Structure formats: structure tokens, C-alpha cells
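User: Hello! I am new to this structure and would like to know how its labels are earned. Could you walk me through a few?

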Amino acid sequence: MTDNIIIFDTTLRDGEQSPGASMTLEEKLQVARILDEMGVDVIEAGFPIASNGDFEAVSEIAKAVKNAVVCGLARAGAKDIDRAGEAIKHAKRGRIHTFISTSPLHMKYKLQMEPDRVYEKVIESVTRARNWTDDVEWSCEDGTRTEFDFMCRCVEAAINAGATTINIPDTVGYTTPDEIRSLFSRVIETVPNSDKAVFSTHNHNDLGMAVANSLAAVKGGARQIECTINGLGERAGNAALEEIVMAIRTRNDEYPYANNIKPKFLTRASKLVSAVSAFPVQYNKAIVGKNAFAHESGIHQDGMLKNAETYEIMKPEDVGVVGTDLVMGKHSGRHAFKKKLEELGYELGENALQDAFNRFKDLADKKKHVFDEDIEALVDTEVAGASEKIKVIALTVIAGTGGVQKAIVTLDIDGSHVTKEATGDGPVDAIFNAIKQMIDHEGRLELYQVSAVTEGTDAQAEVACRLNENGNRVTGRSADTDTMVSSAKAYVSALNKLMTRREKQIQNAQTSLN
């Protein structure tokens with residue numbers, strides 16, 4: 001038995017069945033392309049008989065996908081199967097996934113069929129699907145509540161009729177890890193031709209065990225896992241693809257299997273599916289949640305700063321996240337606060353650091369979210385005086401809907417007045433371009449933020465500018481009733497701090513040499 005796990009993604013079929021999660025054709029194509037690029041083995045693109053739109057989506061995805069198998073779902077009826085066959089016929093590799101209920105409850109109340117008739121439909125449906133493709137998957141809906149002997153009889157018949165994949169789904173999220181592992185193991189051992197098919201597991205999350213059940217089924221012999229991005233799906237959703245992939249990758253000692261997924265695409269895929277389905281991802285969602293790699297507790301932050309493995313079992317970069325986020329809040333410690341100041345470009349003495357930390361704690365008790373700008377405002381008064389070697393003396397701006405956007409700026413630089421004129425994509429860009437001609441620097445503008453200090457059209461505009469020069473981050477602020485003047489002064493304020501920082505680094509370098 002191979003140790004490679006086939007990842008079967010049903011975001012575009014089972015995921016889209018979530019109430020309110022319908023996607024347009026273009027959105028489905030976007031999702032299909034990223035799934036294909038990510039390395040998904042099988043993309044279940046839709047249920048072609050459900051509507052003309054679903055048929056068109058499966059058909060277009062079949063044409064667009066380059067690597068993955070494109071699958072269409074069909075009930076056991078001839079019309080369903082033929083419609084699915086038509087939809088996938090342009091695929092490089094196509095699959096028909098046909099199913100019928102096999103549990104006593106479903107057969108009696110949903111199908112209103114006797115078991116013998118259901119058995120016949122299994123053979124008929126798989127045989128018809130084989131007329132369209134050699135790749136046929138058969139599912140016994142509500143498999144985990146199906147009588148064992150009847151399931152084995154149907155599975156054997158499906159394989160004899162030509163099914164190459166057998167799916168035993170936990171349609172209502174009822175089973176447990178021990179049960180499903182035993183079920184797969186027993187079915188594979190009992191069915192005489194089980195070696196001629198790949199066994200697949202499809203788990204719903206009604207009891208919160210979909211991922212655990214999927215991994216347990218693999219231990220029982222399943223070699224295909226059916227899942228969705230973000231666990232999207234009916235009711236409580238399906239097994240989450242990102243959790244399955246990273247569980248296997250992170251705990252390969254416990255799950256010694258391989259798959260073809262490129263984990264760096266996980267966060268991108270999650271955000272795309274969340275956007276097109278309008279289903280937000282909960283903050284504490286494993287792997288792709290906003291807080292999955294965020295730490296606020298002072299104890300955790302201290303550990304993270306010493307060694308990331310103290311509180312993170314995965315590298316955020318592995319799943320496409322930029323990096324760990326040490327969230328500054330009332331639970332943060334002094335170590336994390338000092339580290340944050342260093343990232344923002346501040347170096348404070350011990351007394352100044354303690355005073356700033358005390359004021360930070362007071363602010364954090366009052367404010368739910370403490371942003372970098374809040375911290376900068378707290379400590380700006382403590383920064384060893386950024387001497388005002390550069391001052392704004394005069395400013396003229398020409399702006400409007402027509403013509404060139406132009407700025408004429410006069411600066412006092414170490415007592416001498418210098419004037420420059422520049423154009424830009426807008427008045428602020430023109431101002432900054434003029435200043436750059438007078439002050440030699442390589443600072444990259446990371447933040448330009450304007451906020452009104454008070455209400456009304458005569459309100460003061462408070463502007464913040466953050467510059468980053470070779471890792472040195474500085475922020476300048478200014479307030480004025482003229483937004484353009486405030487912008488120029490904030491930019492110059494940042495430059496003053498940058499000049500001071502340069503001088504300190506030169507002095508420190510000379511001291512260390514001596």
C-alpha cells in the first residue's frame with residue numbers, strides 16, 4: 001500500500017453548498033486555478049445536473065485546469081451521470097463521482113428503496129459512468145451508519161463494475177476516530193477485490209472531529225482524503241484541507257504519509273475562498289486564522305523572542321504567512337515591548353524604557369488594540385532629541401483635475417535656505433519629491449497616514465510619515481489646518497530623526513573601533 005495520500009478538494013462542490021456561499025463562474029475559476037497550482041490531486045468542480053450554471057462551471061474548469069483531475073458529482077441516475085460526463089469531457093484527466101445512500105435510514109425515508117434495488121443501482125451507475133471515463137469514484141452516502149455486510153456487498157459490486165475509487169463518507173459527522181479507523185480496516189480486509197481500488201474518506205465536522213476522523217481513516221487504509229479550504233461545507237463544514245496537510249507535515253512521525261500540496265499556498269487559498277464565498281475565517285482557526293501565529297501573552301512573547309519553537313510548532317512562512325506577530329496589548333511583557341521599540345527604530349536607556357513601558361501598560365488597559373503608531377506616540381518624547389537641522393520655511397502647491405501636480409518647497413538646512421520644485425502623481429508626491437532633491441537619503445516611505453484632530457472643514461490634519469532606510473525605521477508627525485503643510489512637516493520630521501540616527505550609528509562605530 002502506497003504512503004502517498006491523494007488530496008481531493010471539494011470546495012467548489014460540497015463547500016459551495018454552504019448556505020450563502022455560492023460563487024460566480026469567474027470566482028470558481030479563480031479558486032480552481034489556485035488549487036491546481038497548489039498541488040491538489042483531484043478538484044471536485046461541481047454537481048453538473050444541479051443547474052446550467054454548475055454544468056458550465058465544471059466544463060470551464062475542465063478546460064482551464066492543467067494538472068489536477070477534474071471531477072463532476074452525479075447521483076445514481078442515468079441523466080446525472082451523462083450530464084457529469086458531458087461536463088468533464090474536455091478535461092486533461094476527468095472523473096465521475098457517483099453516489100447512492102446505503103444506510104437503513106436513508107434507504108427507507110430518502111430513497112424509499114429496498115436494499116436489493118440499491119445494490120442494483122450501484123452496479124448500473126458505475127457501469128454507465130465507465131462509458132464516459134476510466135476514472136470512476138463511487139460513494140455510499142451515509143456510509144458510517146450503513147450496515148457493515150451490506151456496505152461490503154456494495155463496495156465489492158462497485159469495484160467489479162469498474163470503480164477505481166471507493167469513498168466511505170461520514171455524511172452527517174457522526175463517527176469517531178477509533179470507529180472510522182476500524183471501519184476502513186475491516187472493509188479493506190473483508191472485500192475480496194479491495195486491492196483494485198483506492199479507498200477515500202469524506203468527513204463532516206458536526207461533532208468537530210472531521211480532521212481527526214480523516215487522519216484516523218488513513219491509518220485504517222484510506223489513501224484519499226476529501227476536504228475543503230477553510231473546512232467550508234454544509235452545516236458545520238468539512239475536514240479542512242490546510243489542517244490535514246499541516247498535521248501530516250508537522251507530525252510525520254505519527255502520520256508517515258506524503259502528499260503533493262505546496263503549503264506556502266495555504267494562506268492565499270484560504271483568503272481567496274473566504275473572499276469569494278463571503279465566509280470569514282475565525283480568528284483562532286488553525287493554520288490560516290488571523291491569530292494562528294499571533295502572541296500577546298508576555299510569557300509567550302518572552303519565549304518566542306528566545307526561541308520560536310517554545311510556542312510555535314510550525315513556521316508561519318511555511319504556510320504563506322509573512323511571520324510571527326507579537327501583538328502588543330495589556331498582556332505583553334517588557335521584553336516584547338523593548339523588541340517592538342527596536343523594530344520601530346527606537347533605542348532607549350533603561351530609565352526611559354521603563355517609563356515608556358509603564359505608560360504603554362496604562363494605555364493598553366484603556367485601548368483594545370495598541371498599534372505601532374500608538375507606541376511611537378508614547379515614546380517620541382523620550383527619543384534623544386532629533387535636532388531640527390531641517391525646517392520647512394515655505395510651501396506652494398499647484399493641484400487640480402487638470403495639468404501638472406507641482407510643489408515648490410523651501411527648507412532651512414543647517415541655517416541655509418534651499419528651494420526646489422518638483423512634480424508628482426499628486427500634490428503630496430510632488431512635495432516629497434521636492435524634499436528628496438534637497439536631502440540625500442534612501443528612506444522608503446512605509447506609512448503615510450492622515451487623520452483629523454477635530455471635526456469640521458477647518459480641522460487640523462495630523463499626518464504621520466514612516467521612513468525605512470536600511471532597516472532604520474523612523475516616524476515623523478505634524479499637525480496643521482493645511483494638510484499639505486502638515487505632510488511636508490511630518491516628512492521633514494522623519495528625516496530629522498533619520499539624520500540623528502545616522503550620526504549616532506557613526507559615533508557608535510567610531511567608539512567601537514577606538
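**Strands, a sheet and a pocket**

Analyst: Happy to. In this predicted model, threonine 396 has isoleucine 408 of strand 12 as its bridge partner.

User: What makes strand 11 and strand 12 count as a pair?

Analyst: Two strands pair if at least two bridges are found between them. Strand 11 and strand 12 (residues 405-413) share 8 bridges in the antiparallel sense, so by that cut-off they are a pair.

User: Why are strand 11 and strand 13 said to stand at the edges?

Analyst: The open sheet has 3 strands in the order 11-12-13, with antiparallel pairing. Strand 11 (390-398) and strand 13 (416-424) each have a single partner strand, so each has one side without a neighbour in the sheet. From one strand to the next, the twist averages 20 degrees.

User: How do you know that helix 15 packs on the sheet?

Analyst: Contact means heavy atoms within 4.5 Å. Helix 15 (residues 427-438) touches strand 11, strand 12 and strand 13. The direction of helix 15 makes about 135 degrees with that of strand 13.

User: Now the second largest pocket: what makes a residue part of its lining?

Analyst: A lining residue has an atom within 4 Å of a pocket point. The second largest pocket holds about 430 Å³ of space. It is lined by 26 residues, and Asn230, Gly231, Leu232, Ala236 and Gln282 are the closest to its centre.

User: Which helix gives the most to that lining, and how does the lining divide by class?

Analyst: Helix 8 (residues 210-219) gives the most, with 3 residues. By class, the lining has 12 nonpolar, 10 polar and 4 charged residues.

Key: Residues numbered from 1 in each chain as written. Predicted model: local features only at pLDDT ≥ 70, side-chain atom pairs only at ≥ 80, totals over all residues. Heavy atoms only, no water. 1 Å grid on protein atoms, 1.4 Å probe; cavity = no way out; pocket = protein on both sides within 12 Å on 5 of 7 lines; lining within 4 Å. Points joined across faces, edges and corners; volume = space filled by probe spheres on them. Helix = DSSP H or I, 4+ residues; strand = E, 2+ residues; numbered from the N terminus. Nonpolar A, V, L, I, M, F, W, Y, C, P; charged D, E, K, R; others polar. Axes fitted to C-alpha atoms, helices over the stretch in contact; angles between N-to-C directions.
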